[in-house]
Each structure stands twice: as structure tokens, then as C-alpha cells.
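Me: I would like to learn how to read a protein model feature by feature. Could you take me through one?

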Amino acid sequence: MLSPTQIETWHRDGFLVLPGFKHADELAAACRRAHEIVAAFEPGAHSSRFSTRDRSQLSDAALLASAEAVHCFFEEEALDDAGRLRVPKALSINKIGHALHDRDPVFDAFSHGPALAELAADLGLEQPQVWQSQVIFKQPHIGGEVGWHQDASFFVTTPQTVITLWFALEDATLDNGCLWVQPGGHRGPGSVLREQYACERPADGSAPRLVMRALDSTPWPTTDEARPLPVAAGTLVVFPGLLPHYSPPNRSPKSRLAYTLHVTDGTAVYAAENWLQRSARLPVRGLAYLPALTPRAMP
Ligand code: FE2
């Protein structure tokens, strides 16, 4: 349970750093499973390179197809101009997403349980709904920068409720691209939502289109206003959807594996324009662990 001081920090700074939230055996199981998924991945119809700077390069269809599945996405710098791998496959993956928490038994167990349910309750979520899970690799030497953004751009609810749970599966350092946040950037005049990543679904039935809409011209923080969050493996960093954050590229020889969950409150209205929607085949669920629902086979 969070202490009153931690709750005060959450409201004041807009983030909490919780060292030791996950134990070594849970981290080992998650890392092992992530590498197994990559080893089994056959680049093909669902593969796409993921640009963390220019999202227009992302294949809309590949992203949409991952909403209820477990797909791998390449690092932008992993492929040459002809689409050939420049590095071994195991070192080429940017991330795995986006339904690991519902489709994969190892990540299902990692993503649910009383500790997470209690944390969400302490942070004011009445009906947690876990929409997205991602393993983010930040590969040695080629791990891309993730520019300043707010996660609420991707999970719009009314009122705004999304929170991010960011688990360090490995040590995150200044050298391998740890998170940087703007303390207090979730409140006050600068806390406005600057962008919305919207899915336009044409009435004529043509393919959906993903667009990043500018909502507000408030500038992103400068590096001077930002604070790095180097954390040890097992640490959980949690922050609300309006908090600006980014992570620099990884030019070091060490990977920086992280796992994220995005959780909204079911009492709020989840925008129909959000790219990630769930069908009746795989309804969104909360943070309590329900073993009867696992394993959930791929469709
Ligand atoms: Fe983010």
C-alpha cells in the first residue's frame, strides 16, 4: 500500500519510483519469455519497423493487427533500405505488443495480481482496465530515441484517466536510455494534452488511417526541465497520462529491457478514436489475476 508521502509525491511530481516491485525470478521469467517470443518470430505479414521519431513510417495495418495479439516490431535502424536485417534478429526488435497481458501466460501472470490492483486503487482508479502491454527492448547501439510525448495521446478517456506502469526488466541507466520525465509536468498550465493519436475509420469501409493530431502548441520541456530516472531492474515507475516524458537512444553495449502497461479507469469514457480497441473476442479486463482465463490461446 502506498504511504501518504508517496501519494503526496504522486500528486506533486506526477510520478512514483517503486524499487523492488518485481522480484528477480519474475524478471528472469519475463526476459526469458520475451526472448522466446522473438526467437519464434518469423518476419512476415505482421512485421513492421517501428519508428519512434516519425510514426508515419509505421504500418497502420500492422499496428492495428496487434491490438489483440502478440507481434514483434523492428527497430528503425535494424533494416537496410532493401528491408534486409543489418543485425541478428535477436538484436533487431524494437518491441513486442500489444496484448501480451491477455495472450501470453507468463506476461499475464506478470501483469496481474493483488499488488498491482492495490496500487491502482491507491492511485484512484475505481475500475482498472488494462488496454496495452509492450516489451520495449532499447537494443544495444541501435535502440531508438522516443521523443517527448504524453501517453494520454494514445489512450484518450473522458475524463483523462490513463496511467502508465513502466517496469525495468533490466537496469536502466543514463548510458542505455533510461526514462526522462518533467517533474510536475502533469499539472498546471503546461499540463494540456498536446497531441492525439487518432484512428480515422472511414464510413465507406476503406482502410483505417492513423494520424497524430496537434491539439495544443504548448512546447515540450527542455532538457533543463527534465529529470532522468536511472533505476535498477525490478523497479516500477508509474506516471499519469499527461506527464511529458522521453528516452534518449541507446548507444551503449547494454540492452535496456522494459515492460509497460497502460491502464484506464472503466468509469471514464474510452474514446472511439483510440487506435487500440478490443472486440468481444478479447474484452479488456482489470488487474486482478483470474487464472481461469489463462492461458488464452492466440486466435
Ligand atoms: Fe510513453
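What follows is a conversation about a predicted model, going from a metal site to strands, cores, loops and backbone geometry.

Me: Let's begin with the metal. Which residues are the protein donors of the iron ion?

Reply: With a metal site, look for the protein atoms that lie close enough to count as donors, and then see where they sit in the sequence. Here the iron ion has His149 (NE2), Asp151 (OD) and His245 (NE2) as its protein donors, at 2.1 to 2.2 Å. Their spacing in sequence is H-x1-D-x93-H. Asp151 and His245 thus link distant parts of the chain, 94 residues apart: Asp151 is in the loop between strand S6 (146-149) and strand S7 (157-158), while His245 belongs to strand S14 (residues 245-247).

Me: Are Asp151 and His245 buried or exposed?

Reply: Both Asp151 and His245 are buried.

Me: S6 and S14 came up just now. In what order do the strands of their sheet run?

Reply: For a sheet, read the strand order, then the sense of pairing, then the edges. This one is an open sheet of four strands, ordered S6-S14-S9-S12 and paired antiparallel. S6 and strand S12 (227-229) stand at the edges with a single partner strand each, so one side of each has no neighbour in the sheet. From one strand to the next, the twist averages 25°.

Me: How many bridges pair S9 with S12?

Reply: Strand S9 (residues 179-181) pairs with S12 over three bridges, in the antiparallel sense. To find your place in that pairing, look at Leu179, which stands opposite Leu229 in S12.

Me: Now the interior. Which residues touch the most other members of the largest nonpolar core?

Reply: A core is best read from its most connected members outward. In the largest nonpolar core, which has 39 residues, these are Ile96, Val135, Leu165 and Tyr259. Helix H2 (24-40) gives this core its largest share, six residues. There is also a second, separate core of 19 residues, with Leu63, Phe154, Leu242 and Trp275 among them.

Me: Where do Ile96, Val135 and Tyr259 meet in the strands?

Reply: Follow the pairings across S5. Strand S4 (residues 93-98) is joined to S5 by four bridges, and the two run antiparallel. Ile96 stands opposite Val135 in S5. On S5 again, strand S15 (residues 258-265) pairs in the antiparallel sense over eight bridges, with Val135 opposite Tyr259 in S15. S5 itself is mostly covered, as seven of its nine residues are buried. Beyond its sequence neighbours within four places, Ile96 is in contact with residues including Ala34, Ile37, Val38 and Val70.

Me: Let's try some loop residues. Is Lys22 buried or exposed?

Reply: For a residue in a loop, combine its place, its accessibility and its contacts. Lys22 lies in the loop between strand S1 (16-18) and H2. Lys22 counts as buried because its relative accessible area is 9%, under the 20% cut-off. Its side chain makes a polar contact of 3.5 Å with the side chain of Glu26. Setting aside neighbours within four places in sequence, Lys22 is in contact with Leu27, Phe110, Phe167 and Gly234.

Me: And Pro230, what is in contact with that residue?

Reply: Apart from neighbours within four places in sequence, Pro230 is in contact with Ala172, Thr173 and Cys178. Pro230 is in the loop between S12 and strand S13 (236-240), and at 47% relative accessibility it counts as partly exposed.

Me: Last topic, the backbone. Which values should catch my eye?

Reply: Most residues other than glycine have a negative phi, and most peptide bonds are trans, so exceptions deserve a look. The peptide bond from Gly97 to His98 is cis, with omega near 0°; His98 lies in S4. Another cis bond joins Thr158 and Pro159, where omega is about -5°, and Pro159 is in the loop between S7 and strand S8 (163-168).

Me: Where do positive phi values occur outside glycine?

Reply: Lys138 has phi near 45°, and His141 has phi near 70°. Lys138 is in the loop between strand S5 (128-136) and S6, and His141 is also placed between S5 and S6. Lys138 counts as buried at 3% relative accessibility, whereas His141 counts as partly exposed at 46%.

How values were computed
Residues numbered from 1 in each chain as written. Predicted model: local features only at pLDDT ≥ 70, side-chain atom pairs only at ≥ 80, totals over all residues. Heavy atoms only, no water. Buried < 20%, exposed > 50% of the residue type's maximum accessible area, 1.4 Å probe, protein only. Polar contact = N/O pair within 3.5 Å; in protein donor to acceptor, adjacent residues only side chain to side chain. Contact = heavy atoms within 4.5 Å. Donors = N, O, S within 2.8 Å, 3.2 Å for Na, K, Ca; no water. Pairing = 2+ DSSP bridges. Axes fitted to C-alpha atoms, helices over the stretch in contact; angles between N-to-C directions. Core = buried A, V, L, I, M, F, W, Y, C linked by side-chain atoms within 4.5 Å.
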